[in-house]
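The following exercises concern the structure shown below. Please attempt each task before reading its solution.

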Amino acid sequence: MNHHVRGPLLPPPRGPLSAAVTAYLRGTGPLPDPAGARAADPYGDDLQLALYLCYELHYRGFAGVPPETEWDPELLRVRAVLEHRFGAALRADTPVHDSLDDALAALLVEPAEGTGVTHFLCAEGELWQLREYAALRSLYHLKEADPHAWVLPRLWGRAKAAMAAVEYDEFGGGRAERVHARLFADLMTDLGLDTAYGRHLDAAPAEMLAVVNLMSLFGLHRDLRGALVGHFAEVEITSSPGSRRLAEAMRRTGAGPAAEFFYDEHVEADAVHEQVVRHEVIGGLLAEEPELAPDIAFGIDATEYLEDRLARRLLANWRAGRSSLRTPLDSPGRTAPDSPVRTPLEQEVSHTS
């Protein structure tokens, strides 16, 4: 068996589910009992990390884990149980708009007095908070657009052509140095962060893992293609104003030119993408499959729900002068003031908003 030697290291587990999945990937133990997955906190650290480990096999995998494990039948069965637990909770807990038009309209309205993470970082965020934000977002941005690419074979006509056009921009328009994942790595370098793929996984709380897992859940299931398009619409429509605020935060704190450029690039690009996604991707999909309108709305609303949970965690900690991370960043001189070093047991405790 040819073991995969590249890729990030497997992270420490956060409970019995992730411990068993980790052991199975290492070839040292059995998979978890599905009954444990069915009873686990659907938003907790243990289930979210176990699900993240399963999904990551479809991206770059982990060092020492054989590539063929991606399609291991027993692991896929366990993943399905984890997905069902997570997905059922989202269906039960997400406040869903009455119609797709209502969901889209809500995205287009910027509140006069914004209270979200990007508003906080723009107005008063400090450099250590921007570093934490970048470390967390690296779980997605270092593979930016990859989860959305899964939907391309599941679309056709206008929706497929428009989605491919937006993805082409995300992947740098044919220029490696302009790939958005590369631009984010440059941002991380400006902030003094390790840019290795998966480096900050252990620092990320369950709320961040859930945000990234949602993309993979939607992207890897053909029957959730409408929800994936909804998720993509939410990201693109809200990105431009949020990126403008983050670019200003980077300038105000002297983060560096690459840090500023990443968000300046998204202000311009995503303003265009918003129109393409609304009129061509969603419009084209509905022209072919109008029955998917509720799924698109769910994708929008579920994304908002999980982003709100993450925002509450970040803001509660930052406003109290505490780190939002499970483990400290790698540069002690530039971390949150008075950030406690937690014991392994404390690191396994699931944090909720």
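**Exercise 1. An aromatic cluster**

Which residues form one aromatic cluster? Describe also how two of the rings are arranged.

Solution. The model examined here is a predicted one. The cluster consists of Y43, F86 and Y305.

Step 1: A search of the whole structure yields seven aromatic pairs. For Y43 and Y305, the ring centres are 6.1 Å apart and the planes stand at 65°. Edge-to-face requires an angle over 60 degrees, so the pair of Y43 and Y305 is edge-to-face.

Step 2: Locate the two residues. Y43 belongs to the loop between α2 (34-39) and α3 (45-56), whereas Y305 belongs to helix α14, so the pair ties together parts that are 262 residues apart in sequence.

Step 3: Consider accessibility. Buried means under 20% relative accessible area. Y43, with 8%, is buried, and Y305, with 18%, is buried.

**Exercise 2. A second aromatic pair**

Determine how the rings of F262 and Y263 are arranged.

Solution. The ring centres of F262 and Y263 lie 4.9 Å apart, and their planes are at 90°, so this pair is edge-to-face. F262 has a relative accessible area of 1% and is buried; Y263, at 4%, is buried.

**Exercise 3. Two helices in contact**

At what angle do helix α5 and helix α14 pack, and which residues make the contact?

Solution.

Step 1: Helix α5 (residues 100-107) and helix α14 (residues 293-319) pack at about 35°, and their axes are 8 Å apart. The crossing in which α5 passes α14 is left-handed.

Step 2: From α5, the contact involves L100, A103, L104 and L107; from α14, it involves A293, I296, A297, I300, D301 and E304.

Step 3: Sorted by character, the residues of this contact comprise eight nonpolar, no polar and two charged.

**Exercise 4. Buried or exposed?**

Decide whether E265 and S138 are buried or exposed, and identify what each contacts.

Solution.

Step 1: E265 is part of helix α13 (residues 257-288). Its relative accessibility is 17%, so E265 counts as buried. Neighbours within four places in sequence aside, E265 is in contact with R178, H180 and L183. The side chains of E265 and R178 make a polar contact at 3.0 Å.

Step 2: S138 is part of helix α7 (residues 127-141). With a relative accessible area of 5%, S138 is buried. Residues up to four places away in sequence not counted, S138 touches F184, M188 and H200. A polar atom of the S138 side chain lies 2.6 Å from the backbone oxygen of A135.

Conventions. Residues are numbered from 1 along each chain as its sequence is written. This is a predicted model: local features need pLDDT of at least 70, side-chain atom pairs count only at pLDDT 80 or more; totals for chains, interfaces and linings use all residues. Side-chain values use heavy atoms; hydrogens and water are left out. Axes are lines fitted to C-alpha atoms, for helices over the stretch in contact, and angles run from 0 to 180 degrees between N-to-C directions. Helices (H or I, at least four residues) and strands (E, at least two) are DSSP runs, numbered from the N terminus. A crossing is left-handed if the near helix is turned anticlockwise from the far one by less than a right angle, and right-handed if clockwise. Contact means heavy atoms within 4.5 Å. Ala, Val, Leu, Ile, Met, Phe, Trp, Tyr, Cys and Pro count as nonpolar, Asp, Glu, Lys and Arg as charged, and the others, Gly among them, as polar. Buried means under 20% relative accessible area, exposed over 50%, partly exposed in between (1.4 Å probe, protein chains only). A polar contact is a pair of N or O atoms within 3.5 Å; within protein, one must be able to donate a hydrogen and the other to accept it, and residues adjacent in sequence count only if both atoms are side-chain atoms. Rings of Phe, Tyr and Trp (its six-membered ring) pair if their centres lie within 6.5 Å; planes under 30 degrees apart count as stacked, over 60 as edge-to-face and the rest as tilted.
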